[in-house]
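Good morning, and thank you for making time on the agenda. I would like to take you through one structure, and I ask that you keep the view open while I speak.

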Amino acid sequence: MSKPITGFELLEKEVEQAEEFKEKHRCSSKNKKRDVTGANRIFSYTFTLTGIGVGVTVSCSCGKEKNVTDYDSW
Ligand SMILES: [Zn+2]
């Protein structure tokens with residue numbers, strides 16, 4: 001019954017959680033040499049597919065990460 005996943009979206013709650021994390025992590029990139037865009041704050045999102053939903057983790061350039069998955073939506 002599962003449809004093919006073609007893209008990932010953050011839910012409203014997940015965006016809020018991610019923004020909160022970003023506020024706490026105003027960390028500069030440790031790897032400035034590769035920072036060609038001029039942006040000194042780098043965050044990445046990891047999407048984890050499970051049988052019942054998609055987990056979302058946001059991570060900072062400092063190495064810290066936070067699971068922002070909105071489990072209520074599962
Ligand atoms: Zn950080």
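I shall begin with the overall composition, continue with the sheet, and end with two individual residues.

The model before you is predicted. Its mean pLDDT is 82, and 74% of the residues reach 70 or more. Among the helix and strands, the mean confidence is lowest in S1, at 91, and highest in S3, at 97. As a general caution, where pLDDT is low, one should not read the predicted coordinates in detail.

Let me turn to composition. The protein contains one helix and three strands, and along the sequence these follow the pattern α-β-β-β. Of its 74 residues, 7% count as buried. As for contacts between residues at least 6 apart in sequence, 39% of them join residues at least 24 apart.

Now to the sheet. In what order do the strands of the open sheet lie? The order is S1-S2-S3, and the pairing is antiparallel. S1 and S3 are the edge strands, each pairing on one side only. From one strand to the next, the twist averages 20°. In general, the strands of a sheet pair through backbone hydrogen bonds, in either a parallel or an antiparallel manner.

Consider each pairing in turn. S1 covers residues 43–49 and S2 covers residues 54–60; seven bridges join these antiparallel strands. Two positions will help you to find the register. Phe43 has Cys60 in S2 as its bridge partner, and Tyr45 stands opposite Val58, also in S2. The connection from S1 to S2 is a hairpin of four residues.

On the other side of the pairing scheme, S2 is joined to S3, residues 65–67, by three bridges, again antiparallel. Here Thr57 stands opposite Asn67 in S3. S2 and S3 likewise form a hairpin, with four residues between them. Within that turn, Gly63 has a positive phi of about 105°.

The loop between S2 and S3 also holds Ser61. Is Ser61 buried or partly exposed? Ser61 is partly exposed, because 18 other C-beta atoms lie within 10 Å, whereas a buried residue would need 20 or more. Ser61 and Ile42 are 19 residues apart along the chain, yet their C-alpha atoms are separated by 5.5 Å.

My last residue is Leu11, in the segment before helix H1, which spans 12–24. Which residues does Leu11 contact, once neighbours within four places in sequence are left aside? They are Asp70 and Ser73. A further distance concerns Val68: Leu11 and Val68 are 57 residues apart in sequence, while their C-alpha atoms are 9.7 Å apart in space. Leu11 counts as partly exposed because it has 15 C-beta neighbours inside 10 Å.

To summarise, this predicted model has one helix and three strands, with the strands forming an open antiparallel sheet in the order S1-S2-S3. Both connections within the sheet are hairpins, S1 to S2 and S2 to S3. Thank you for your attention.

Note on methods
Residues numbered from 1 in each chain as written. Predicted model: local features only at pLDDT ≥ 70, side-chain atom pairs only at ≥ 80, totals over all residues. Pairing = 2+ DSSP bridges. Buried ≥ 20, exposed ≤ 12 C-beta atoms within 10 Å, placed from the backbone. Contact = placed C-beta atoms within 7 Å. Axes fitted to C-alpha atoms, helices over the stretch in contact; angles between N-to-C directions. pLDDT = per-residue confidence, 0-100.
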